[in-house]
Amino acid sequence: MIRHIVFFSARHKEDVEAVRRGLLALGNIPHSRLFEVTLNTKVDPLSDEIDVVVYAEFEDDAALAAYKAHPLYAETTSQVKPLRELRYSADVVAAKRN
């Protein structure tokens with residue numbers, strides 16, 4: 001399983017909700033097993049620049065690639081990109097449980 005985690009900050013604080021709403025559209029792409037878009041609770045006083053977090057789980061690399069190749073992914077990116085300042089992404093393989 002691949003865990004896809006992306007962190008966003010809005011260019012302007014008044015755009016945080018617009019970024020979150022825009023990213024919610026990605027949940028309509030059918031390739032993820034789990035998909036969430038949440039606001040950062042900002043409880044860590046040393047790192048509060050992240051506003052929105054996308055968390056998704058994919059069965060394998062092929063499912064993640066299909067998600068990123070979906071037309072809605074490009075459409076959403078073009079809508080959200082002008083509103084964001086930072087974007088950090090990580091795709092990690094989940095450890096197998098015994």
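This is a short talk on the pocket, the nonpolar core and the salt bridges of one structure. The model is predicted, so please keep that in mind.

I start with the pocket. The largest one has a volume of about 170 Å³. Its lining consists of 14 residues, and those nearest the centre are Phe8, Leu23, Tyr73, Thr77 and Arg87. Sorted by class, the lining holds eight nonpolar, three polar and three charged residues. Three elements each supply at least two lining residues: strand S1 (2-10), helix H3 (71-80) and strand S4 (84-93). Helix H3 gives the largest share, four residues.

Next, the core. Nonpolar side chains tend to be buried together in soluble globular proteins. Here the largest nonpolar core has 21 residues, and Leu23 and Tyr67 have the most contacts inside it. Two or more residues of this core come from each of S1, helix H1 (16-24), strand S2 (34-39), strand S3 (52-58), helix H2 (61-69) and H3.

Leu23 deserves a second mention, as one of the residues nearest the centre of the largest pocket and one of the two with the most contacts inside the core. What does Leu23 touch, leaving out residues up to four places away in sequence? The list is Phe8, Phe35, Val37, Val52, Val54, Thr76 and Val80. Phe8, like Leu23, is among the residues nearest the pocket centre.

Now the charged pairs. Side chains of opposite charge can pair when their charged atoms come close. The count for this model is seven salt bridges, and I will go through three.

The first on my list is Glu17 with Arg20, where the closest N and O atoms are 2.5 Å apart. Both residues sit in helix H1, three residues apart, about one turn of the helix. Glu17 is partly exposed, at a relative accessible area of 31%.

Then there is Asp51 with Lys42, with the closest N and O atoms 2.6 Å apart. Is Asp51 buried or exposed? Asp51 has a relative accessible area of 3%, so it counts as buried. Its partner Lys42 has 31% relative accessibility and therefore counts as partly exposed. Lys13 also belongs here: Lys13, Lys42 and Asp51 are linked in a network of salt bridges.

Last comes Lys68 with Asp91, the closest N and O atoms being 3.2 Å apart. This pair links distant parts of the chain, with Lys68 in helix H2 and Asp91 in strand S4, 23 residues apart. Both ends are partly exposed: Lys68 has a relative accessible area of 33%, and Asp91 has 37% relative accessibility.

That is the end of my part.

Methods:
Residues are numbered from 1 along each chain as its sequence is written. This is a predicted model: local features need pLDDT of at least 70, side-chain atom pairs count only at pLDDT 80 or more; totals for chains, interfaces and linings use all residues. Side-chain values use heavy atoms; hydrogens and water are left out. On a 1 Å grid over the protein atoms alone, a cavity is a set of points where a 1.4 Å probe fits but cannot get out, and a pocket is an open set with protein on both sides within 12 Å along at least five of seven lines; lining residues have an atom within 4 Å of a point. Grid points are joined across faces, edges and corners, and a volume is the space filled by probe spheres set on the points. Ala, Val, Leu, Ile, Met, Phe, Trp, Tyr, Cys and Pro count as nonpolar, Asp, Glu, Lys and Arg as charged, and the others, Gly among them, as polar. A nonpolar core is a set of buried Ala, Val, Leu, Ile, Met, Phe, Trp, Tyr and Cys residues joined through side-chain atoms within 4.5 Å. Buried means under 20% relative accessible area, exposed over 50%, partly exposed in between (1.4 Å probe, protein chains only). Contact means heavy atoms within 4.5 Å. A salt bridge is a side-chain nitrogen of Lys or Arg within 4 Å of a carboxyl oxygen of Asp or Glu.
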